Amino acid sequence: LESTFEALARTDIKSESSHSERLWLLMVGGALLFMLLPTVNLINLNVSRIMERASEIGVRKAFGASSRTLVGQFVVENLVLTTVGAVIGFLASLLVLRAISASGVIPYAEFHVNYRILLYGIALTLFFGSFSGVYPAWRMSRLNPVQALKGAAR
C-alpha cells in the first residue's frame with residue numbers, strides 16, 4: 001500500500017492529473033514564499049539605507065532632480081549591489097563544489113556548476129533585487145525637499 005506522497009511521486013508532474021497539478025502549484029507557491037522573505041528583508045534594508053540619504057535626496061530635488069531620475073538612481077544602485085552579491089555567491093559555490101569534489105568525501109562524485117541553473121538564479125536575483133528596490137526608491141523620491149533636508153523623512 002502506497003502513501004499519497006509516494007503515489008504523487010510516481011506520476012509525471014506535467015501530466016493532466018489533478019494531484020500532480022496540485023503538487024506543482026504547491027511547489028511553486030512554496031518557492032515563491034521562500035523567495036518572498038529575502039525580498040521583504042531587502043526592502044527593509046533599502047528603506048533604511050535610503051532614509052540615511054534623505055538629505056542628499058532633498059538637495060538633489062532642490063536642484064531640480066525629477067522623481068524618475070531619483071528612482072532610476074536607487075534602482076540601479078540596488079541592482080549593482082544585487083549583482084555583486086550574485087557574483088560572490090557564484091564564486092563561493094564554485095569553490096565549495098570544487099572542494100567537495102577534490103576531497104573525496106563522496107566517492108566517484110564530481111560536482112560541476114550547471115550554467116543553466118546559474119542563469120536562472122541570476123535572473124531571479126536581478127528580478128527580486130529590482131523588485132525590492134522600486135518601492136523604497138519611489139517612496140523617497142516623493143519626499144518634499146524641505147522635509148528631506150530637515151531629516152523628517154517619514
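Helices here are DSSP runs of at least four residues, numbered from the N terminus. By that numbering, Tyr-108 lies in the loop between helix 4 and helix 5. The model is predicted. This briefing covers the helices, the nonpolar core, the aromatic rings, a surface patch and two positive phi angles.

**Helix 4**
- Helix 4 covers residues 67–103, which is 37 residues.
- At 1.5 Å a residue, helix 4 should span 54 Å. Its end C-alpha atoms are 54 Å apart, so the expected and modelled spans agree.
- Several residues of helix 4 are buried, including Gln-73, Asn-78, Thr-82 and Leu-94.
- Leu-70, Val-71, Phe-74 and Val-75 of helix 4 are buried too. These four also appear in the largest nonpolar core.

**The nonpolar core**
- The largest nonpolar core has 12 residues in all.
- Besides the four just named, its members are Ile-50, Ala-54, Ile-57, Ala-65, Ala-137, Met-140, Leu-143 and Ala-148.
- Helix 3 (54–62), helix 4 and helix 5 are the elements that give two or more residues to this core.
- Helix 4 provides the largest share, with 4 residues.
- In soluble globular proteins, nonpolar side chains tend to be buried together.

**Aromatic rings**
- A pair of aromatic rings is described by the distance of the centres and the angle of the planes.
- The structure holds 3 aromatic pairs.
- Phe-127 and Phe-128 form an edge-to-face pair. Their centres are 5.1 Å apart, with 75 degrees between the planes. An angle over 60 degrees counts as edge-to-face, so this pair earns the label.
- The two partners differ in exposure. Phe-127 is partly exposed, at 49% relative accessible area. Phe-128 is buried, at 11%. The cut-off for buried is under 20%, so Phe-128 falls below it.
- Tyr-135 and Trp-138 have ring centres 6.4 Å apart and planes at 40 degrees, so this pair is tilted.
- Tyr-135 and Trp-138 are 3 residues apart in helix 5 (residues 115–141), so about one helical turn separates them.
- Tyr-135 is partly exposed at 41% relative accessibility. Trp-138 is partly exposed at 42%.
- Phe-127, Phe-128 and Phe-131 form one aromatic cluster.

**Helix 2 and a surface patch**
- Helix 2 covers residues 18–51, and Met-27 lies in it.
- Met-27 is partly exposed, with 43% relative accessibility.
- Met-27 belongs to a nonpolar surface patch of about 520 Å². Trp-24, Leu-25, Val-28 and Leu-32 make up the patch with it.
- Pro-38 is also placed in helix 2. Its relative accessibility is 39%, so Pro-38 counts as partly exposed.
- Pro-38 and Phe-128 are 90 residues apart in sequence. In space they are 8.7 Å apart, C-alpha to C-alpha.

**Positive phi angles**
- Most residues other than glycine have a negative phi.
- Tyr-108 has a positive phi of about 65 degrees although it is not a glycine.
- Tyr-108 is exposed, at 89% relative accessibility.
- Gly-104, just after helix 4, takes a positive phi of about 80 degrees.

Technical notes:
Residues numbered from 1 in each chain as written. Predicted model: local features only at pLDDT ≥ 70, side-chain atom pairs only at ≥ 80, totals over all residues. Heavy atoms only, no water. Phe/Tyr/Trp six-rings, centres within 6.5 Å; stacked < 30°, edge-to-face > 60°. Buried < 20%, exposed > 50% of the residue type's maximum accessible area, 1.4 Å probe, protein only. Expected span 1.5 Å × (residues − 1). Core = buried A, V, L, I, M, F, W, Y, C linked by side-chain atoms within 4.5 Å. Patch = residues over 30% accessible without salt bridge, like charges linked within 9 Å, V, L, I, M, F, W, Y side chains within 5 Å. Areas by Shrake-Rupley, 256 points an atom, 1.4 Å probe, with all protein chains shown as cover. Salt bridge = Lys/Arg side-chain N within 4 Å of Asp/Glu carboxyl O.
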